[in-house]
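I opened this notebook to keep track of what I looked up in the model, one topic at a time. The entries follow the order in which I went through them.

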Amino acid sequence: MDFSEIQPVSLNSHLGQPISINNAADLSLCFNSMANVGDRVEMFFSIAENDPEAAIPYFITLIRNSTKAPIKALAIQSLGKVPRAYKQLLASCASQESQDLLKLLCTEAQSRKSDLTAWAALEALREIGFSPDHIEHPEGGNLSEPPRRLQNEILDRKFEEITRTTQFSTRGRLTAECERLLEFWSYGPISELFNGQMSDYTYISVVRGVLHLTQIRGVELGLASSNATVREEAFVKTEQIFRSYSDSGDRDFQKTLSNQLKMRFLKENTSKDSDLEKLTQAILFDEPMPINAQTLDLSRMAIADMENSIALLKERCYDLSTIFTSGIEVSSNPSLNSFLRARKDDLLKEPNLWIDKLQQQIQLVKQEQDKIDRNISLFNEVLNNFREVDWLSVFLNKLNSAYRQFSNLGSMPQNYQDLQQFSTQLTNLKNNLVNDMAALRRDIQGEIDRGTNYLKAREKFSGWGWIVSGLIILIMVAWISNAGIYSSNSSSRSSSNQIQRGAAWYETGYPKQQCGHSSSSNNCWHPVFITYTSSNWNKIVRNCRDVPNAQSQSTARERGKIQIASFNNSTDAEGFAKFMDRYYSGDSWIGETKCY
């Protein structure tokens, strides 16, 4: 038995019912022509419900003459699917036909030649509604035990077989024993199997085999199962069936399968091709994250980059929610909708998690920038105050040296890791200055404490000016020593003209009417392209609104590339291409320079 050859729909049937059946032989031929077990079952049940007058004689003929257990079992079960009025006539035992049918079914139930046909006969006795008296009467069915007890005995035996049946031979093929077991559950009590409270590997293997054999019928019953593991397997099979529809290049096959899927899974008022596409998109959704979260180093990201990443992730969440909500709105299957809701919630977890992480990192960077702004303001104030005083040359040299180091620190970093390093440099600079000043203070304090000759001090340090200078030094050293550098807990922020920060002009302000330059002094242009995908096109036209003016979507699709913008210099073009590379799939590059 090769599962790969089983198709999800039969091309020679319409809604599970063959075009023309005039006798039992036609019914047998149609049975053999069906692509899968599910279509065979649906065909028999459909004939029983829609044309019972002709079907009942066909079924009885197959029961009497067929030697194949599957078709015989379906014919028996189908007798229990005819409309209620026909069941009442069959169960009345008022006619010879009714009495003969009762004996035929009871004989099949007791023969035990096949567990499948025996179970089917017992099921038909129950569904048709034969009375216990007729079933047990010696001149009636002459059945020694109640049908339900015999049915349960068969089911218990078949469940036990699941755990002890060898599934594959030494040649790697299904054993005959396993094929018979799958045949029993596929043509027989499939709902009993799917609602079994088991989850071991052998049980799940049998469930998978039955889902492969029964296709759409099996999926519908599996999704409604009380066993969560079976529901998961049924959803996996649902994905495979919808994938067959989506990827098929056979138009007849795709149209037939489309009709079946719309009939089985869509609401009556939403049965257009576009509605089926909505459900297909939701079931087969498999788009990657717009950013590679595994390679993100938050400590090295600037605020502008993080804000752009958040925008992309929010767009992903919106698109994902829209696709799944649209699919659920047109679906008629409650169990399938539950799976789609759970999958949507699961897929939203990762982007929402990264949005939270990025927002927290932005706050962390802003706090670090606030802290450094305070430190820079304090440092500027202290150094400027010192420079305004006529210090001793030795102190002035040290002060000017510190000021030069401070001036060479550079511009404000844009990521957390560099901000940390910048803060460390400021702290080291402050500590060095304090140490130099503390050494000078000790010298001055020593001079005062030892009562150095006042006149000599006046000659050397211009009298009271030295005392005043010494006091100012002592006060300033104490101020800086005690002030320190603000910690990360500082909440206030003061502006500083010493450090400027910001992103390139083309990295901010989205969405824009135009993402490139609007003019060129030499009328030479450097175009920037990106690989065409429908996702890239939809996102780019929202952010760079003039893109459709440069080319239509069909033109971009044919060329395999989208022209996003043009620049009047190669530096901005290269920077913009790298910027695009971070946020869109595929490659971005600079095209050939055009001069007009």
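Before placing any residue in a helix I noted the convention: helices are DSSP runs of H or I with at least four residues, strands are runs of E with at least two, and both are numbered from the N terminus. I also noted that this is a predicted model.

**Entry: overall counts**

I began with the whole protein, which has 25 helices and four strands. Of its 596 residues, 47% are buried. I then looked at contacts with a sequence separation of 6 or more, and found that 73% of them join residues 24 or more positions apart.

**Entry: helix α9 and Gln151**

I turned next to α9, which runs over residues 147-164. Its 18 residues reach 26 Å from the first C-alpha to the last, close to the 26 Å expected at 1.5 Å a residue. The buried residues I listed for α9 are Pro147, Leu150, Gln151, Ile154, Leu155, Lys158, Phe159, Glu161 and Ile162, and I noted that Lys158 and Glu161 are in this list along with Gln151. Which helices do the buried residues of α9 pack against? I found α7 (115-128), α8 (132-136), α10, α11 (190-194) and α12.

I singled out Gln151, which is found in α9. Its relative accessibility is 1%, so Gln151 counts as buried, the cut-off being under 20%. Setting aside neighbours within four places in sequence, I found Gln151 in contact with Trp119, Leu122 and Glu123.

**Entry: helix α10**

I then checked α10, residues 176-187, where twelve residues reach 16 Å from the first C-alpha to the last, close to the 16 Å expected at 1.5 Å a residue. Buried in α10 are Cys178, Leu181, Leu182, Phe184, Trp185, Ser186 and Tyr187. I kept Ser186 in mind for the next entry, as Ser186 is one of the residues in contact with Thr214.

**Entry: Thr214 in helix α12**

Thr214 lies in α12, which spans residues 201-223. I asked myself whether Thr214 is buried or exposed. Its relative accessibility is 0%, and Thr214 therefore counts as buried. Leaving out neighbours within four places in sequence, I found its contacts to be Asn36, Val37, Gly38, Ser186 and Ile190.

**Entry: helices α1 and α2**

For α1 (residues 24-33) and α2 (residues 37-50), I found that the axes come within 9 Å and cross at roughly 150°. That angle makes α1 roughly antiparallel to α2, because angles over 145 degrees are counted that way. The crossing is right-handed. Leu27, Cys30, Phe31 and Asn32 of α1 make the contact with Arg40, Met43, Phe44 and Ile47 of α2. By class, I recorded six nonpolar residues, one polar and one charged in the contact of α1 with α2.

**Entry: helices α13 and α15**

I looked at a second pair, α13 (residues 228-247) and α15 (residues 273-283), which pack at an angle of about 125° with their axes 10 Å apart. How are α13 and α15 oriented to each other? The two helices are therefore oblique, and their crossing is left-handed. On the α13 side the contact is made by Thr238, Glu239, Phe242, Tyr245 and Ser246, and on the α15 side by Leu276, Glu277, Leu279, Thr280 and Ile283. The contact of α13 with α15 has five nonpolar, three polar and two charged residues.

**Entry: backbone features in loops**

I closed with the backbone, where I had set aside three places to look up. The peptide bond from Tyr510 to Pro511 is cis, with omega near 0°, and Pro511 is found in the loop between α21 (464-483) and β1 (524-531).

Asn523 lies in the loop between α21 and β1 as well, and has a positive phi of about 60° although Asn523 is not a glycine. With 33% relative accessibility, Asn523 counts as partly exposed.

Cys93, in the loop between α5 (84-91) and α6 (96-111), has a phi near 60°, which I noted as a positive value in a residue other than glycine. Cys93 is buried, with a relative accessible area of 12%.

How values were computed. Residues are numbered from 1 along each chain as its sequence is written. This is a predicted model: local features need pLDDT of at least 70, side-chain atom pairs count only at pLDDT 80 or more; totals for chains, interfaces and linings use all residues. Side-chain values use heavy atoms; hydrogens and water are left out. The expected span of a helix is 1.5 Å times one less than its number of residues. Buried means under 20% relative accessible area, exposed over 50%, partly exposed in between (1.4 Å probe, protein chains only). Axes are lines fitted to C-alpha atoms, for helices over the stretch in contact, and angles run from 0 to 180 degrees between N-to-C directions. Angles under 35 degrees count as roughly parallel, over 145 as roughly antiparallel, 65 to 115 as roughly perpendicular and the rest as oblique. A crossing is left-handed if the near helix is turned anticlockwise from the far one by less than a right angle, and right-handed if clockwise. Contact means heavy atoms within 4.5 Å. Ala, Val, Leu, Ile, Met, Phe, Trp, Tyr, Cys and Pro count as nonpolar, Asp, Glu, Lys and Arg as charged, and the others, Gly among them, as polar.
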